[in-house]
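Here are a few short exercises to work through with the model open beside you. Try each task before reading its solution.

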Amino acid sequence: MQSLAMIENWPVPTAAAAVVRADGTVAGSYGPTDHRFPLASVTKPLAAYAALVAYEEGAIELDEPAGPDGSTVRHLLAHTSGLAFDEHRAMAAPGTRRLYSNAGFEVLGDHIAKATDIPFTEYLQQAVLEPLGMTSTTLDGSPAKDGVSTVADLARFAAEVQAPRLLDPRTVLEAMSVVHPGLSGILPGYGNQKPNDWGLGFEIRDSKSPHWTGTSSSPRTFGHFGQSGTFLWIDPDARAACVALTDRAFGPWAIEAWPPLTDAVLAELRG
């Protein structure tokens, strides 16, 4: 895909990208797709997928208590547990505000580790990474932000989410549907969003503005971006996903560069 060559002009030392169709085929890639990049918060969708495997295996229930009083696994996945961004401290009653929380995903990882009697990093490996052949992906630390991966591996994950083999498609549909509709909150890097919609571990685009996806992205687009200059989106209407990884921290350059790439990719897919 010619559109992916736009990453050549990004002000970053290294960048790679790929587009994956809903049937799992790679529509195109650009750059060193086997280069390992820190994912930052693009780790969260991987952790969430492992949580959903644990749910389908019967190790946990989405509505069982986890985190602060009144919070559940579902609240933790949807950033509505009330936990602070990086502190294990309740800031709001569960289900009342969308407080984006790394701490929430760390509590979730601990909860799954206790339920399965397997350290979360190992559970992720067994539940998601190994079955998908994501041999270059590792998690050494927080399930919120410490993953390292490649574009080639995340393309495999993007193919799985679009045509699930590890999960029932109905579970993935729930993960990409809004949990607690109407809640406002801060989207890191993009300010207050009303509403700030999320599914189970995936951010949902809806009508957010400004946003890191494209002006032509469908409202159903879901995914995640990371402060290490990384993103993964899946647009069900376009029947495609795009992953881009870089080694420059998120900032104004990304706010400027990412939407035009997405719009160019979507235009090329339509064409």
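**Exercise 1. The sheet**

How many bridges join E10 to strand E11 (residues 240–246), and do the two run parallel or antiparallel?

*Solution.* Keep in mind that this is a predicted model.
- Step 1: Put E10 and E11 side by side; five bridges join them, and the two strands run antiparallel.
- Step 2: Pick out one pair. Trp233 has Cys242 in E11 as its bridge partner.
- Step 3: Widen the view to the open sheet, in which six strands follow the order E2-E1-E11-E10-E9-E8 with antiparallel pairing.
- Step 4: Find the edges. Strand E2 (26–30) and strand E8 (203–204) each pair on one side only.
- Step 5: Add the helix. H7 (residues 252–270) packs on the sheet and touches strand E1 (15–21), E9, E10 and E11. The direction of H7 makes about 35 degrees with that of E10.

**Exercise 2. A residue in H3**

Decide whether Ala103 counts as buried or exposed, and list what Ala103 touches.

*Solution.*
- Step 1: Locate the residue: Ala103 belongs to helix H3 (residues 102–116).
- Step 2: Apply the cut-off, where buried means under 20% relative accessible area. Ala103 has 0% relative accessibility, so Ala103 counts as buried.
- Step 3: Collect the contacts. Leaving out residues up to four places away in sequence, Ala103 touches Leu83, Ala84, Phe85, Asp86, Glu87 and His88.
- Step 4: Check a distance along the way: Ser142 is 39 residues from Ala103 along the chain, and their C-alpha atoms are separated by 9.0 Å.

**Exercise 3. Two pockets**

Describe the largest pocket and the second largest pocket by volume and lining.

*Solution.*
- Step 1: Start with the largest pocket, whose volume is about 220 Å³. Its lining has 15 residues, and those nearest the centre are Val161, Gln162, Met176, Arg220 and Pro236.
- Step 2: Ask which elements contribute. Helix H5 (151–162), helix H6 (169–175) and strand E10 (230–235) each give two or more residues to this lining, and H6 gives the most, with three.
- Step 3: Sort the lining of the largest pocket by class: 11 nonpolar, one polar and three charged residues.
- Step 4: Turn to the second largest pocket, with a volume of about 160 Å³. It is lined by 14 residues, and Ser41, Tyr100, Phe225, Gly226 and Gln227 are the closest to its centre.
- Step 5: Strand E9 (residues 222–226) gives the most to this second lining, with three residues. By class, the lining of the second largest pocket has seven nonpolar, five polar and two charged residues.

Key: Residues numbered from 1 in each chain as written. Predicted model: local features only at pLDDT ≥ 70, side-chain atom pairs only at ≥ 80, totals over all residues. Heavy atoms only, no water. 1 Å grid on protein atoms, 1.4 Å probe; cavity = no way out; pocket = protein on both sides within 12 Å on 5 of 7 lines; lining within 4 Å. Points joined across faces, edges and corners; volume = space filled by probe spheres on them. Helix = DSSP H or I, 4+ residues; strand = E, 2+ residues; numbered from the N terminus. Nonpolar A, V, L, I, M, F, W, Y, C, P; charged D, E, K, R; others polar. Buried < 20%, exposed > 50% of the residue type's maximum accessible area, 1.4 Å probe, protein only. Contact = heavy atoms within 4.5 Å. Pairing = 2+ DSSP bridges. Axes fitted to C-alpha atoms, helices over the stretch in contact; angles between N-to-C directions.
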